[in-house]
Amino acid sequence: MEKKREDMSSDEKQEALFQRWISPKDPEGNNLKFQNPQAEKLYKERATRIKDAIQLKKKPDRVPVFLIPSFAPAFYSGLTPHDVMYDFDKIIPAWKKFYLDFQPDAHGGAFVPSPGKFLEILDFNLYKWPGHGVSNKTTYQCLEGEYMRADEYDTLIHNPLYFFSFTWPSRVFGALESFQMLTPLAGLTEMYGVSLPFIPYGTPPVQTALKALMEAGDEALKWIQVVGGFEAEMPTLGFPAYQAGATKAPFDVIGDTLRGTRGIMLDMYRQPDKLLQAMEALTPIYIQLGVGAAKMAGNPLIFIPLHKGADGFLSDAQFKKFYWPSLRKVLMGLIEEGVVPLLWAEGGYNSRLEVIRDLPKGKTAWLFDQTDMAKAKKALDGIACVMGNMPMDLMTVGSTQDAIDHTKRLIDICGKGGGYIMANGAFFDEVRWENLRAIVDTAKEYGVYKK
Amino acid sequence: MAENLVNALADLKEEAAIKIVKDRLNANEDPLKILGDARKGMEIVGNRFADSEYFIPDLVYSGEILKVVSELVKPRLTKGAESKKLGKIVFGTVAGDIHDIGKDIVVFMLDVNGFEVIDLGVDVPVQKFVDKIKETGAPVVGLSGFLALAFDSMKETIEAIKAAGLRDKVKVMIGGGQMSEEIKKYTGADAYGKDAMAGVTLAKKWAGAK
């Protein structure tokens, strides 16, 4: 008799999620049908290998290897980012080819090519994307701004969902500007006055916005049918997914796309208490985002890109006061529900290693970009799986021999005793494909643990 | 009193700095002297950043205080602010890349260290760098980039500088995101700066050599 989820410890919840991931079901709840016995064998070996590397309970059979691409699969198939953002039929063949050719131990979904027409319909201001501000061959890039004003913290603190439902979209989507006229429908829940919050929906600007929403919804649906199909097919080919979804550090939520880097940094001086309160208010939302995705997918791995806590961005004191406490709360909230946060520490994290050690054993994995891996391994030894650090310059302009040597060096430094996943440090687009192949192949040969 | 504004800025005391400036303006002090003190304060901020005592939020905040101070003083200014001493630098984020945080920090540090920085912004076309170098005669060029696509943009920019016959007249530094010594070689730049202070050190070295 299986224990009920609410009676489980966080350890048991994690194990249960891992087991669901290792033995996946189809949408009807039957055991997943793999395309052939070899795919099933590979899938289970890979998922188990990754689980062992993360849990730190036993050494995996070898160092797992991930490739974490941006638009690389498109470039590998001779396509541009524009091609795959505007022609969904091109996504699956390219992404499949990438994973089938290189054979890393997990796949990362095909969510990178966001639907271009959807962005156009809603007139998305937050990013420039291929054909809209950057060339067709270029990846999309964020346009930081103050999408939340300095005097709006109280709204965010007291009613974050209102802010995200109406205020924020009215600023980042040109087509939804009229959303600023809308209010939540929870008003007088009586016959008397029941129609009042609906009045704005009768005005021409809101009706135009609603039409745009319907068109955008069509596009989003078409898109998810494609990338969702990829997500469903890849396990049958032998590839577990290394992410069920993503969430964010509260500091980055505010610093990336609400107040902007400049805005949040001024707030640290001018209204530190409001900033702290706002992060507190966002914490449960960003826990739920991760927990919900993990439970739905039956996969404990939730990706968390970290931005503004990197070396140099904040002093130690600022990191400890503004960045880490709310991030740690998000992590602990996820861990409590059996979720495994996979944190991507972009840039350097050397000065943060001593702080991030304050986590329970075997519950997180840290993907490092430019951090000193010897220091990272030492600091997190027995606490968390470390990942990554294959440098971008080496993948892009280095020789294949350099890539092989560096892969071996990383395995020597980080692989000892388990708890390491070989991976690139930063998301990549066009690289030397032979180097990529060399990294995966070397990890598979050189990374084998002796019994 | 002069000391106070320098310290208020250096210590990031916004309210104190504003009050001192207002008092000094009310006492009919020469606005250029006030700005001079503000600049001294900013130099200290720059030094503290170089010593890892200050970090990016502190730079951003000091810049904001300086902006407020400048706006208070500006209506009283009759002539232009003091001229820079150390030389001109053409700076920008290369074509295809729109990231500006790193670039802005280096520009800030070069500025407080006395350089005249011609900031071309982000996603700067190759030709614009070439034209600005010609126009200003700047001996130093800074190319910033966050994404790996900047590797090629930097390479192309430096090749265009060469094709325009300007390569031996300028020193080129690169920095940001995924840049490294390896990428310096790839792009044909003269140096790679790991952080803002490395950029300042390079600029000083090169300005001195000219």
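This is a short tour of two contact regions, one between chains A and B and one inside chain B. The model is predicted.

**Stop 1: where chain A meets chain B**

Show both chains and select the residues in contact. You should pick up 25 residues of chain A and 21 residues of chain B. Contact here means C-beta atoms, placed from the backbone, within 7 Å.

Stay on chain A. Select 260-270, which is α11, and then 392-397, which is α16. Each of these helices supplies at least two residues of the side of chain A that touches chain B. Which element gives the largest share of that side? Colour α11(A): six residues come from there.

Now colour the side of chain A that touches chain B by residue class. Expect 11 nonpolar, 10 polar and four charged residues.

**Stop 2: the two domains of chain B**

Hide chain A. Select 2-76 of chain B for domain 1, then 88-209 for domain 2. Give each its own colour. The C-alpha centres of the two domains lie 28 Å apart.

Next, select the residues where these domains touch. Domain 1 of chain B brings nine residues to the contact, and domain 2 of chain B brings six.

Focus on the domain 1 side. Pick out α3 (31-50) and α4 (56-73) of chain B, each of which supplies at least two residues to the side that touches domain 2. Which helix gives the most? Select α3(B), with six residues.

Finish by colouring the domain 1 side by class. The side that touches domain 2 of chain B has six nonpolar residues, two polar and one charged.

Key:
Residues are numbered from 1 along each chain as its sequence is written. Chains are lettered from A and ligands numbered from 1 in the order in which they are written. This is a predicted model: local features need pLDDT of at least 70, side-chain atom pairs count only at pLDDT 80 or more; totals for chains, interfaces and linings use all residues. Two residues are in contact if their C-beta atoms, placed from the backbone, lie within 7 Å. Helices (H or I, at least four residues) and strands (E, at least two) are DSSP runs, numbered from the N terminus. Ala, Val, Leu, Ile, Met, Phe, Trp, Tyr, Cys and Pro count as nonpolar, Asp, Glu, Lys and Arg as charged, and the others, Gly among them, as polar. Domain bounds come from an automatic or database domain assignment.
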